[in-house]
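Thanks, everyone. I will go through one structure this morning, starting with a sheet and ending with what packs around it. Please have the picture in view.

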Amino acid sequence: MSLNCGIVGLPNVGKSTIFSALSAAPAEVANYPFCTIAPNVGTVEVRDPRLQKLADIVHPQKIVPAIVEFVDIAGLVKGASQGEGLGNQFLGHIRNVHALAHVVRCFGGEDVVHVSGKIDPLDDISVINTELALADLETVEKRLSNVERLLKSQDKEVVKHAKITLPLLQQLQKTLAAGKAARSLDFSPEDWQAVRDLQLLTAKPVLYVCNVAEKDLAAGGNEYVRQVEALAAEEKTHAIMICGKLELEIATLESDEEREEFRKEAGIKVSGIDQLIGQAYQMLGLATYFTAGPKEVKAWTIRRGMKAPEAAGVIHSDFERGFIKAQVFHCEDLFAAGSEAKVKEQGKLRIEGKDYVVQDGDVMVFRFNV
């Protein structure tokens with residue numbers, strides 16, 4: 001699906017290194033600000049142990065994992081909302097992604113330049129958040145001015161919509177002027193829909209990625225990481241810890257066996273990259289269903305809450321257009337039973353219609369006619 005996660009942060013915090021480790025494709029990396037100008041885009045496989053379990057039962061010719069797209073966006077600096085450091089261009093890149101992975105420098109060392117000359121992750125986060133809030137504030141104030149004029153319209157529908165959006169825009173203005181993110185507001189889904197076309201930067205879900213030195217990863221973190229974790233908890237979001245340099249070394253190894261051995265030697269129980277991919281998948285509101293047969297076992301990415309015809313359309317538009325019904329069972333039922341025949345015997349294979357909401361982990365076969 002065309003959903004993606006933007007990697008953002010100040011210059012020289014390790015964004016491009018982490019992107020390269022994610023995509024195993026080299027991004028432009030250097031020890032000076034604005035090395036990355038045009039955003040790099042990488043499509044990354046989502047590790048899902050359920051795929052191999054399905055393959056062990058079905059014995060397909062190939063396995064096809066789900067994917068998520070990451071966009072490496074150049075570092076923002078103070079004043080970006082006013083155009084500093086090509087800020088307007090970079091803010092436009094952020095506007096085009098659906099969620100943000102905010103990389104924060106939590107490692108020391110004078111060999112990598114810091115744009116403000118000191119290591120202070122909370123200040124770094126504040127700089128980015130303030131610039132995004134200021135950019136959003138400008139957008140909201142422009143819309144407010146327009147809506148106030150629309151209240152005088154002779155068109156009743158236009159006036160009705162303006163009356164709905166006016167209080168929402170006023171709340172957004174007050175929140176953003178205080179330097180807070182739009183996502184901190186307790187808007188209903190209907191409220192967000194009413195202001196969706198504003199494409200607010202601070203309405204996007206965010207994950208903080210603490211980039212640490214290898215020794216701090218082995219030690220379970222440092223003071224900087226604790227500060228970011230506390231902020232993430234306050235904002236009701238998440239923070240993960242990763243050593244970008246180490247993950248890039250692992251990513252450049254030739255085989256899965258070599259990579260796994262390297263992780264064991266480094267004492268890495270769960271790959272930081274896998275954590276980042278998994279969290280991005282969750283932030284984007286994605287779920288996975290599977291198709292399984294002798295040719296392939298494949299993971300398909302959908303938005304949570306999708307109904308069966310829409311989910312079928314992810315495979316091909318004809319599947320949605322001519323949808324008749326879906327044969328469904330959950331992968332956990334298959335794992336417990338050991339075969340599809342036994343799933344049927346246990347009465348856990350169902351036939352679902354157009355109103356069925358697809359669940360994460362469903363194994364599906366679609367019937368359609370066009």
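Before any strand pair, a definition: two strands count as paired if DSSP finds at least two bridges between them. Also keep in mind that this is a predicted model.

Take strand E5, residues 99-105, and strand E6, residues 206-211. They pair in the parallel sense, over six bridges. Which residue in E6 is the bridge partner of Val104? That partner is Cys210.

Now the whole sheet. It is open, has six strands, and its pairing is mixed. Reading across, the order is E2-E4-E1-E5-E6-E7. At the edges sit strand E2 (40-45) and strand E7 (238-242), each of which pairs on one side only. From one strand to the next, the twist averages 25°.

Next, a helix. Helix H4, residues 121-150, lies across E5 and E6. Relative to E5, helix H4 runs at about 145°.

On to the nonpolar cores. How many residues does the largest one have? It has 71, and the residues with the most contacts inside it are Leu22, Phe70, Val209 and Leu276. Helix H11 (residues 272-283) gives the most to this core, with six residues.

Val209 is worth a look in the viewer. Setting aside neighbours within four places in sequence, Val209 is in contact with Ile18, Ala101, His102, Val103, Val104, Ile240, Ile242 and Leu276. So much for the largest core.

There is also a second, separate core, of 18 residues. Leu137, Val147, Leu168 and Ala194 are among them. That is my last slide.

How values were computed: Residues are numbered from 1 along each chain as its sequence is written. This is a predicted model: local features need pLDDT of at least 70, side-chain atom pairs count only at pLDDT 80 or more; totals for chains, interfaces and linings use all residues. Side-chain values use heavy atoms; hydrogens and water are left out. Helices (H or I, at least four residues) and strands (E, at least two) are DSSP runs, numbered from the N terminus. Axes are lines fitted to C-alpha atoms, for helices over the stretch in contact, and angles run from 0 to 180 degrees between N-to-C directions. Contact means heavy atoms within 4.5 Å. A nonpolar core is a set of buried Ala, Val, Leu, Ile, Met, Phe, Trp, Tyr and Cys residues joined through side-chain atoms within 4.5 Å. Buried means under 20% relative accessible area, exposed over 50%, partly exposed in between (1.4 Å probe, protein chains only).
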